[in-house]
Amino acid sequence: MDRDVLRYYERGEEDRRLREGGGRLEFWRTQDVLRRLLPAPPARVLDVGGGSGVHAEWLAADGHAVELVDPVPLHVEQASRIPGVTARHGDARDLPVPDASADAVLLLGPLYHLVDRADRVRALREAARAVRPGGVVAAATIGRHAALHDMLRKHRYLGKRAIVDASVETGVLRATPDMGFTTAYLHEADEPPREFADAGLPGARSYGLEGAVWLFGNLDELSEEDRETVLEVLRAVESVPSLLGVSGHVITAAVRPR
């Protein structure tokens, strides 16, 4: 595993990121999309690169049998404490599971930390192997312009211009610690379905999670009514091609052919 990526996650902040502030919108929308894509519980869900178990926790609470695989020892330790979740160390490119052993496979982190396309396709191919025919594979990616939008939103673009401009040009973000992230690959909107197809998962569809809402700020001030309105609006436009590239995160999903 890339040492910068490992050091970033060993700080133990990933769990909190999705439970506070602007990260909550990504969390809510991930729930919203996956609950529509996944089989009805109880299903066998393999959560690859599942981190500390932020999503595994609610998936288990929904009634799914969740197995989490992650390359960060701290994450495995954290996730193993969650009722209904089993966790073990592993790599998305070489999953320690039998063929067709899951009803659904999630990759909500690996693809944006695999900067080489061959590795991303390999991880998707492993997910396709691990899921049963007719089962769902869903993967999260970060938008190509996410670093640009984030630094502009935080009024920090000029100080990080060289790094940000390189990420727009090449897709590879070499973030410094003070940027709040680490080394990552940022996808163009049309890339994930093509990577899915090359891994034997044709017909993939993409769902923008935050749309442009993540750029507005003040998400901590949303009332429950406002939250439901935002989710309803984002659900209505989640697959509009012209908006996918604005979203900070995108989930792409396909069914393994029978």
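**Close-up views of a predicted model**

**View 1. Surroundings of L186 in strand β7.** With a relative accessibility of 1%, L186 counts as buried, since buried denotes a value under 20%. This residue belongs to strand β7 of a model that is predicted. Beyond its neighbours within four places in sequence, L186 touches I142, G143, R144 and A147, as well as S167, G171, L173 and E191. Between the C-alpha atoms of L186 and D94 there is a separation of 22 Å; along the chain these two residues lie 92 residues apart.

**View 2. Packing of helix α7 on helix α8.** Helix α7 spans residues 146–153 and helix α8 spans residues 161–170. Their axes are 8 Å apart and form an angle of about 150°. The two helices are therefore roughly antiparallel, as the angle is over 145 degrees. From α7, the residues A147, L148 and M151 meet V164, S167 and V168 of α8. By residue class, this contact comprises 5 nonpolar residues, 1 polar residue and no charged residue. Two of the participants, A147 and S167, are also among the contacts of L186.

**View 3. The buried face of helix α9.** In helix α9, which covers residues 191–198, the buried residues are E191, P192, E195 and F196. Viewed down the helix axis, these buried residues fall within an arc of 135°, and so they line one face of α9. An α-helix has 3.6 residues a turn, so positions three or four places apart point the same way. The elements against which the buried residues of α9 pack are the helix α6 (117–130) and the strands β5 (131–143), β7 (184–187) and β9 (249–255). Just after α9, G200 adopts a positive phi of about 85°.

**View 4. The enclosed helix α4.** Helix α4 comprises residues 54–61, and 6 of its 8 residues are buried, so the helix is largely enclosed by the rest of the structure. Its buried residues are V54, H55, A56, W58, L59 and A60. They pack against the helices α2 (14–17) and α3, and against the strands β1 (44–48), β2 (65–70), β3 (85–89) and β4 (102–107). Just after α4, G63 has a positive phi of about 110°.

**View 5. T30 in helix α3.** T30 is located in helix α3, residues 23–37. Its relative accessibility is 3%, and T30 therefore counts as buried. Outside the neighbours within four places in sequence, the contacts of T30 are H55, W58, L108, L209 and I251. Of these, H55 and W58 are among the buried residues of α4.

**View 6. The nonpolar cores.** The largest nonpolar core contains 52 residues. Within this core, the residues with the most contacts are L25, L34, L106, F181 and I251. Leaving out neighbours within four places in sequence, L25 is in contact with E210, V213, W214, L219, V230 and L234. Another core lies apart from the largest one and has 25 residues, including V69, A123, L124 and A128. In soluble globular proteins, nonpolar side chains tend to be buried together.

**View 7. The exposed residue S242.** S242 occupies a place in helix α11, residues 241–244. This residue counts as exposed because its relative accessibility is 60%, where exposed denotes a value over 50%. The C-alpha atom of S242 is separated by 22 Å from that of V164, a residue that meets α7 from within α8. Along the chain, S242 and V164 are 78 residues apart.

Key. Residues are numbered from 1 along each chain as its sequence is written. This is a predicted model: local features need pLDDT of at least 70, side-chain atom pairs count only at pLDDT 80 or more; totals for chains, interfaces and linings use all residues. Side-chain values use heavy atoms; hydrogens and water are left out. A nonpolar core is a set of buried Ala, Val, Leu, Ile, Met, Phe, Trp, Tyr and Cys residues joined through side-chain atoms within 4.5 Å. Buried means under 20% relative accessible area, exposed over 50%, partly exposed in between (1.4 Å probe, protein chains only). Contact means heavy atoms within 4.5 Å. Helices (H or I, at least four residues) and strands (E, at least two) are DSSP runs, numbered from the N terminus. The arc is that of the directions from the helix axis to the C-beta atoms. Axes are lines fitted to C-alpha atoms, for helices over the stretch in contact, and angles run from 0 to 180 degrees between N-to-C directions. Angles under 35 degrees count as roughly parallel, over 145 as roughly antiparallel, 65 to 115 as roughly perpendicular and the rest as oblique. Ala, Val, Leu, Ile, Met, Phe, Trp, Tyr, Cys and Pro count as nonpolar, Asp, Glu, Lys and Arg as charged, and the others, Gly among them, as polar.
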